[in-house]
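Q: I would like a close look at one part of this model. Please keep the answer to geometry and burial.

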Amino acid sequence: MSDHLTTDRTDPTTAFDCPSCGTSSAGGPRDHCPQCLHTRHRDPADPCGAPMAPLAVAVHGPGDWRLIHRCTACATLTSAPVRADDHQVALMALAVRPLAQPPFPLGLLGRI
Ligand SMILES: [Zn+2]
Ligand SMILES: [Zn+2]
């Protein structure tokens, strides 16, 4: 993965106010919403500021999940580690989305 995908957007000094659902999280570093997993595009080199929607979960190693976000304004992709207090159902829904919406009929699997 290139550097721009692993930019650390964590700012431990400020609370995180979700641009999507309005959840406000204080206390400790946090770069995305624990409820709906959205974040805000905060790249020092690109003051975009638009909401970023969770796109997928990437696995970097056993038990090492990262959230992939896509900016709703400029389509930039970023990634950030999931946190212990992230909404687990929301994470799982994101992780199984490709399996729930395959680009081919599931009946084909019986013939492989
Ligand atoms: Zn939210
Ligand atoms: Zn952006």
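Is Cys-48 buried, partly exposed or exposed, and what is its relative accessible area? Which residues coordinate the zinc ion (ligand 2)?

A: The model is predicted. In it, Cys-48 is partly exposed, with a relative accessible area of 28%; the cut-offs here are under 20% for buried and over 50% for exposed. The SG atom of Cys-48 is one of the donors to the zinc ion (ligand 2), together with His-41 (ND1), Cys-71 (SG) and Cys-74 (SG), at 2.0 to 2.4 Å. The arrangement is tetrahedral because the angles subtended by the four donor atoms run from 100 to 123°. Along the chain, the donor residues follow the spacing H-x6-C-x22-C-x2-C. Cys-48 sits in the loop between β3 (39-40) and β4 (51-61), while Cys-71 belongs to strand β5 (residues 64-71), so this pair ties together parts that are 23 residues apart in sequence. Cys-71 is buried, at a relative accessible area of 4%.

Strand β5 also holds Leu-67. Leu-67 is buried as well, and its relative accessible area is 0%. Apart from neighbours within four places in sequence, the contacts of Leu-67 include Leu-37, Pro-54, Ala-56, Val-57, Val-82, Leu-91 and Leu-94. Thr-78, Ser-79, Ala-80 and Asp-86 are also among the residues in contact with Leu-67. His-32 is another contact of Leu-67; the two residues are 35 apart in sequence, and their C-alpha atoms are 9.3 Å apart in space.

Terms used: Residues numbered from 1 in each chain as written. Chains lettered and ligands numbered in written order. Predicted model: local features only at pLDDT ≥ 70, side-chain atom pairs only at ≥ 80, totals over all residues. Heavy atoms only, no water. Donors = N, O, S within 2.8 Å, 3.2 Å for Na, K, Ca; no water. Tetrahedral: all angles 85-135°; square planar, octahedral: opposite > 155°, others 65-115°. Helix = DSSP H or I, 4+ residues; strand = E, 2+ residues; numbered from the N terminus. Buried < 20%, exposed > 50% of the residue type's maximum accessible area, 1.4 Å probe, protein only. Contact = heavy atoms within 4.5 Å.
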